[in-house]
Amino acid sequence: MSILSWSCSLQLMFVLFSILSFSLQASEPPLTLNYYESNCPNVLEIVRKEMECAVLSDPRNAALILRLHFHDCFVQGCDGSVLLDDTITLQGEKKASINKHALKGFRIIDRIKNKLESECPGTVSCADILTVAARDAVILVGGPYWDVPLGRKDSKTAGYALTDLNLPSSDEGLLSIISKFLYQGLSVTDMVALSGAHTIGMGRCVNFRERIYGDFESTSGLDPMSKTYLTNLRSICPPAGGEDDKETAMDYVSPNFFDNSFFHILLKGEGLLNSDQELYSSVLGTETKKLVQKYAENAVAFFEQFSESMVKMGNITNPETYVGGEVRKNCRFVNT
Ligand code: HEM
Ligand SMILES: *[C@@H]1O[C@H](CO)[C@@H](O)[C@H](O)[C@H]1NC(C)=O
């Protein structure tokens, strides 16, 4: 057996193991669309209004909130754990290396929480706020609408170590990323559709340096426009370290607009992140490649799948919060 196929079968074993361990999780009470109907009927309007202000003042805020929700859900389920600050007794997730310098938007959530605490104290969980805010963020930059099931509880713990373990990074291989989604109960289709979130927001030099001095040239080919784009990227992000935190749009076509141009960029071989380009260019990605082509051709199909996959991601629950969860008063700290 060659080294390559050996490492592939190892990956496959990890995938199978992941599916098994997922199905062993306990079942939780279902989330419902009308969860706050009687005790906080204006919750959706309040979140929407705050998100409108935030996105109007800076469209980047939509990306910040969407990513926060993703990073919440992949670590102990969507339980608001990502929002917790470090204290003497709690190590939060914010300083895990994948989140450090990269997660923002916490003040927007604080603002929404404050409004909700004065309207209906102790009622709406931070995990639900983040889920609704992420949905609104997408709508406000031109993306699809979907109904958000509610009733999550906030965790009393955070998963510092799980953060770098569960979340995918830009230098990770396609199969490894797929296995991380399968572990969360999300399919390859979910993974490709959800990656379409990179149609908004920015990436930092440290996360695309290897790509632009590596295989960007070979995936994007001889197109003069691609060459110009690459030159521009290299001027933003020098090869020899430094400028790690310099940012550029992941979708240079329409960075503040939620559409399917991200997938067009992958067809051109111009994906900013290595992990994104692999969806289309990896020799191991026949299935992902077809999906990229489909979503590039058909924006409606992308929107429909993205909506469904966002609900599925939002459904990842933390079984611990079923008995040990709470509604935090302040999203940054567990209640005393
Ligand atoms: C498929 C695996 C994924 C990988 C490897 C990945 C990786 C990354 C990386 C490296 C960045 C740039 C962060 C930085 O440089 O500071 C980023 C940004 C972002 N990601 Fe992902 N991501 C993935 C999936 C997702 C999903 C599922 C969502 C949401 C549904 C998402 C939403 C975002 C958003 C909105 C941004 C922009 C944030 C900003 O503007 O600050 N990503 N991602
Ligand atoms: C999400 O959860 C709700 C309630 O538990 C359920 O009705 C719905 O089918 C789930 N949706 C997806 C896409 O998994």
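**Close-up 1. Helices α7 and α8 are roughly perpendicular to each other in this predicted model**. The two helices, α7 spanning residues 174-183 and α8 spanning residues 188-195, pack at an angle of about 105° with their axes 9 Å apart, and because angles of 65 to 115 degrees count as roughly perpendicular, the pair is described in that way. On the α7 side the contact is made by L174, I177, I178 and F181, while α8 contributes V188, M191 and L194. The residues of this contact divide into seven nonpolar, no polar and no charged.

**Close-up 2. Helices α3 and α15 pack obliquely to each other**. Here α3 (residues 60-73) and α15 (residues 299-314) pack at an angle of about 45°, and their axes lie 9 Å apart. In this contact L66, H69, F70 and C73 of α3 meet F306, M310, M313 and G314 of α15, a set of residues that divides into six nonpolar, two polar and no charged.

**Close-up 3. Residues of the protein surround ligand 2**. The shell around ligand 2 consists of P30, L31, E308, V311, K312 and N315, which divide into three nonpolar, one polar and two charged residues. A backbone N or O atom of L31 lies 3.3 Å from an oxygen atom of ligand 2, and an N or O atom in the side chain of N315 is 2.4 Å from an oxygen atom of ligand 2. Of the 360 Å² of accessible area that ligand 2 has on its own, the protein covers 52%.

Conventions:
Residues are numbered from 1 along each chain as its sequence is written. Chains are lettered from A and ligands numbered from 1 in the order in which they are written. This is a predicted model: local features need pLDDT of at least 70, side-chain atom pairs count only at pLDDT 80 or more; totals for chains, interfaces and linings use all residues. Side-chain values use heavy atoms; hydrogens and water are left out. A residue is near a molecule or strand if one of its heavy atoms lies within 4 Å of it. A polar contact is a pair of N or O atoms within 3.5 Å; within protein, one must be able to donate a hydrogen and the other to accept it, and residues adjacent in sequence count only if both atoms are side-chain atoms. Accessible areas come from the Shrake-Rupley method with a 1.4 Å probe; for residues, only the protein chains shown count as cover. Ala, Val, Leu, Ile, Met, Phe, Trp, Tyr, Cys and Pro count as nonpolar, Asp, Glu, Lys and Arg as charged, and the others, Gly among them, as polar. Axes are lines fitted to C-alpha atoms, for helices over the stretch in contact, and angles run from 0 to 180 degrees between N-to-C directions. Helices (H or I, at least four residues) and strands (E, at least two) are DSSP runs, numbered from the N terminus. Angles under 35 degrees count as roughly parallel, over 145 as roughly antiparallel, 65 to 115 as roughly perpendicular and the rest as oblique. Contact means heavy atoms within 4.5 Å.
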